[in-house]
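The exercises below are meant to be worked through with the sequence and the structure open side by side. Try each task before reading the solution that follows.

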Amino acid sequence: MSFTHLDPRGRARMVDVTEKQPTVRSATATGTVRCSPGVVQALRDDAVPKGDVLAVARIAGIAGAKRTPELLPLAHVIGVHGATVDLDVRDHGVDVTATVRTADRTGVEMEALTAVAVAGLAVVDMVKGIDKSVELTDVRLVAKTGGKSGDWHRDASPAEA
């Protein structure tokens with residue numbers, strides 16, 4: 001078995017994508033910030049002392065997508081041509097969904113995952129003064145399109161359906 005991020009001597013390397021043709025690609029990731037009922041109520045009432053939690057988290061997630069190669073040493077620097085971060089306050093906390101798009105030589109799965117993680121961490125940072133037990137969970141890729149491997153969608157588990 002060969003590993004794409006290892007050279008013949010077993011040392012880490014960045015995969016060379018120079019010869020690949022740019023194609024349109026997208027990736028969507030999700031995650032959840034689990035919050036106490038008190039935090040959920042404060043979010044719904046816009047009563048979090050630090051300010052507009054969802055606006056801060058949305059911008060943080062977009063910035064995170066754009067800075068992914070700075071955080072992950074083998075990620076390629078690519079053009080993030082579109083990024084959306086949606087936050088939905090639910091009874092259990094905040095559901096985070098990020099979709100990142102590009103027309104480049106490699107995919108944006110890591111950028112979408114990073115957007116969700118950073119947006120979720122921003123929510124945690126903004127509400128931790130109300131409840132220190134808040135937690136970021138279930139960060140995962142749910143879909144990707146384009147590229148050599150084609151489209152992929154996570155099958156819903158019975159609990160998610």
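**Exercise 1.** Which residue in β4 does Ala29 stand opposite?

*Solution.* Keep in mind throughout that this is a predicted model. Begin with the strands themselves: β1, which covers residues 23-34, is joined by eight bridges to β4, which covers residues 135-145, and the two run antiparallel. Following β1 to Ala29 and then looking across to β4, one arrives at Leu141.

**Exercise 2.** Find the strand that pairs with β1 over 12 bridges, and name the bridge partner that Thr30 has there.

*Solution.* The strand to look for is β3, made up of residues 93-104, which pairs with β1 in the antiparallel sense over 12 bridges. Within β3, the bridge partner of Thr30 is Thr97.

**Exercise 3.** Decide whether Leu141 is buried or exposed, and describe its surroundings.

*Solution.* First take the accessibility: the relative value for Leu141 is 16%, and because buried means under 20%, this residue counts as buried. Next list the residues that Leu141 touches, leaving out those up to four places away in sequence: they are Ala27, Thr28, Ala29, Glu109, Leu113, Trp152 and Arg154. Finally, consider one of these contacts, Leu113, which lies 28 residues from Leu141 along the chain, while the C-alpha atoms of the two are separated by 6.5 Å.

**Exercise 4.** Check the span of helix α2 against the expected one, and then work out where its buried residues lie.

*Solution.* Helix α2 has 14 residues, 53-66, and at 1.5 Å a residue it should span 20 Å; its end C-alpha atoms are 20 Å apart, which agrees. Its buried residues are Val53, Ala57, Ala60, Gly61, Gly64 and Ala65. Seen down the axis of α2, these buried residues fall within an arc of 135°, so they line one face of the helix. On the face turned away from that buried side, α2 carries the exposed residues Ile59 and Lys66. The buried residues, for their part, pack against α1, α3, β2, β3 and α4.

**Exercise 5.** Describe how α2 and α4 pack, giving the angle, the separation of the axes and the handedness.

*Solution.* The two helices pack at an angle of about 145°, with their axes 7 Å apart, and the crossing of α2 and α4 is right-handed. Residues of α2 that make the contact include Val56, Ala57 and Gly61, while among those on the α4 side are Ala115, Ala119 and Met126.

Technical notes
Residues are numbered from 1 along each chain as its sequence is written. This is a predicted model: local features need pLDDT of at least 70, side-chain atom pairs count only at pLDDT 80 or more; totals for chains, interfaces and linings use all residues. Side-chain values use heavy atoms; hydrogens and water are left out. Two strands pair if DSSP finds at least two bridges between them. Helices (H or I, at least four residues) and strands (E, at least two) are DSSP runs, numbered from the N terminus. Buried means under 20% relative accessible area, exposed over 50%, partly exposed in between (1.4 Å probe, protein chains only). Contact means heavy atoms within 4.5 Å. The expected span of a helix is 1.5 Å times one less than its number of residues. The arc is that of the directions from the helix axis to the C-beta atoms. Axes are lines fitted to C-alpha atoms, for helices over the stretch in contact, and angles run from 0 to 180 degrees between N-to-C directions. A crossing is left-handed if the near helix is turned anticlockwise from the far one by less than a right angle, and right-handed if clockwise.
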